[in-house]
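Visitor: Please pick one part of this model and take me through it slowly, starting with how helices pack. I am in my first year, so explain the terms as they come up.

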Amino acid sequence: MSRFEDPVIITCSISGAVANRDQCPAIPYTPEEYAAEARRIVDEGGVMIHIHARTPDGTPSYEIEDFRNITDAILSEVDDVIVNYSTGAVGVPIEKRLEYLRALRPEIGALNMGSMNYAKYSKRRKSFVFHTVFENSFETIMTFLNEMNELGIKPEHECFDSGHIANLDPLIDMGLLQEPLQVSCVMGVTGGIRPTARNLAHMSEQIPGGAEGSNNWGVIGISRDQWMLCAAALTLGGNVRVGLEDNFYLPNGEMARSNGDLIAKARQMVEDVGRRPAPVAEARERLGIQKMKWPPEAAAAAAA
């Protein structure tokens, strides 16, 4: 099969934890708003939703009940979608971030693969909007990975530079990771790799087995470079993620009215290069995961 015929897993980063409605009115806050966005995402071809929790007033949350309420609303609204929880944070204890994984057991948990400077820079102001050190030591990575393995949660390896992909190697050698992997090349964050098509090609070749191997990989493009990077990933055989966490704008510069607008554009790009969106069952098969049991009490009963 030619890589241009390969199915594409389309993921949506539904809200993020940094931006707010002053910047983009479509960002969901309440569980009901998350559910309405999920319906738009699934109707347009998205099969995975990456979730940062918020309280109903929009404040970022790491509480079990906020993740539970949002997930319950989403899964009550859509027939089927892959649930992917964020685990990354600055200043939030690891144990706090493990609690909602243990309690709710999503199908996939994002796993950041290296420490880095993490910043947003304003050329207009000639200064940083914010800057911090994003700590993801091997100790932190293995703590999350051991817990995910025990809970049956598939890690999504978020790599902000090519060295982060190399961090997979010792974990594979130790037997902590099992193929097929899911690797996301995150591009466009100040402190990480520059967002160019050549750099994406380089990162894709660093993935164990190469860009055309058995492991799944894709791009997460930050800000308006997202669409150029999606085009490059689709041409190279990768998957794509779009959504209001990463970028508010369509290629013509118009602000998206919902996540559905962004997913619709991504689906069009998939089809324009001669590929097709993967339905949710096929996406699960490619990722090597089972459908999430909900409510979480059902998962606990099944494991007992």
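Guide: Happy to! An axis is a line fitted to C-alpha atoms, for helices over the stretch in contact, and angles between N-to-C directions run from 0 to 180 degrees. Helices (H or I, at least four residues) and strands (E, at least two) are DSSP runs numbered from the N terminus. Keep in mind that you are looking at a predicted model, where local features need pLDDT of at least 70 and side-chain atom pairs count only at pLDDT 80 or more, while totals for chains, interfaces and linings use all residues. Residues are numbered from 1 along each chain as its sequence is written, and side-chain values use heavy atoms, leaving out hydrogens and water.

Let's begin with helix H2 and its two partners. H2 packs against helix H3 (residues 94-104) at an angle of about 45°, and their axes are 9 Å apart. H2 is therefore oblique to H3; angles under 35 degrees count as roughly parallel, over 145 as roughly antiparallel, 65 to 115 as roughly perpendicular and the rest as oblique. The crossing of H2 past H3 is right-handed, the word used when the near helix is turned clockwise from the far one by less than a right angle (anticlockwise would be left-handed). Find Ile-64, Phe-67 and Arg-68 on the H2 side, then Glu-99, Tyr-100, Ala-103 and Leu-104 on the H3 side: these residues make the contact, meaning that heavy atoms lie within 4.5 Å. Sorted by class, this contact has 5 nonpolar, no polar and 2 charged residues. Here Ala, Val, Leu, Ile, Met, Phe, Trp, Tyr, Cys and Pro count as nonpolar, Asp, Glu, Lys and Arg as charged, and the others, Gly among them, as polar.

Now turn to the other partner, helix H1 (residues 31-43). The axes of H1 and H2 (residues 64-77) come within 8 Å and cross at roughly 40°, so H1 is oblique to H2. This crossing, too, is right-handed. From H1, the residues Pro-31, Tyr-34, Ala-35, Ala-38 and Arg-39 meet Asn-69, Ile-70, Ala-73, Ile-74 and Glu-77 of H2. By class, the contact between H1 and H2 has 7 nonpolar, 1 polar and 2 charged residues.

Stay with Ile-74 for a moment, as it leads us inward. The largest nonpolar core has 69 residues, and Ile-74 is one of those touching the most other members, along with Ile-51, Leu-101 and Val-240. Helix H8 (residues 226-236) gives this core its largest share, 6 residues. A nonpolar core is a set of buried Ala, Val, Leu, Ile, Met, Phe, Trp, Tyr and Cys residues joined through side-chain atoms within 4.5 Å, and buried means under 20% relative accessible area, with exposed over 50% and partly exposed in between (1.4 Å probe, protein chains only). In soluble globular proteins, nonpolar side chains tend to be buried together.

Zoom in on Leu-101. Not counting residues up to four places away in sequence, Leu-101 touches Tyr-85, Thr-87, Pro-106, Phe-144, Met-148, Leu-151 and Ile-153. Apart from the largest core lies another one, of 10 residues, including Met-48, Ile-82, Val-280 and Leu-287.

Two of those names return around Gln-182, which sits in strand S11 (residues 182-187). Leaving aside neighbours within four places in sequence, Gln-182 is in contact with Met-48 and Leu-287, and also with Ile-108, Pro-155, Glu-156, His-157 and Asn-216. Gln-182 counts as buried because its relative accessibility is 8%. Its C-alpha atom is 5.1 Å from that of Glu-156, although the two residues are 26 residues apart along the chain.

Just ahead of S11, look at the loop between helix H6 (168-173) and S11, where you will find Pro-180. The peptide bond from Glu-179 to Pro-180 is cis, with omega near 5°. A cis peptide bond also joins Trp-294 and Pro-295, with omega about 5°; Pro-295 lies in the loop between helix H10 (280-287) and helix H11 (296-303).

One last stop brings us back to H8. The loop between strand S12 (216-221) and H8 holds Ser-223. Its phi is near 65°, a positive value in a residue other than glycine. At 39% relative accessibility, Ser-223 counts as partly exposed.
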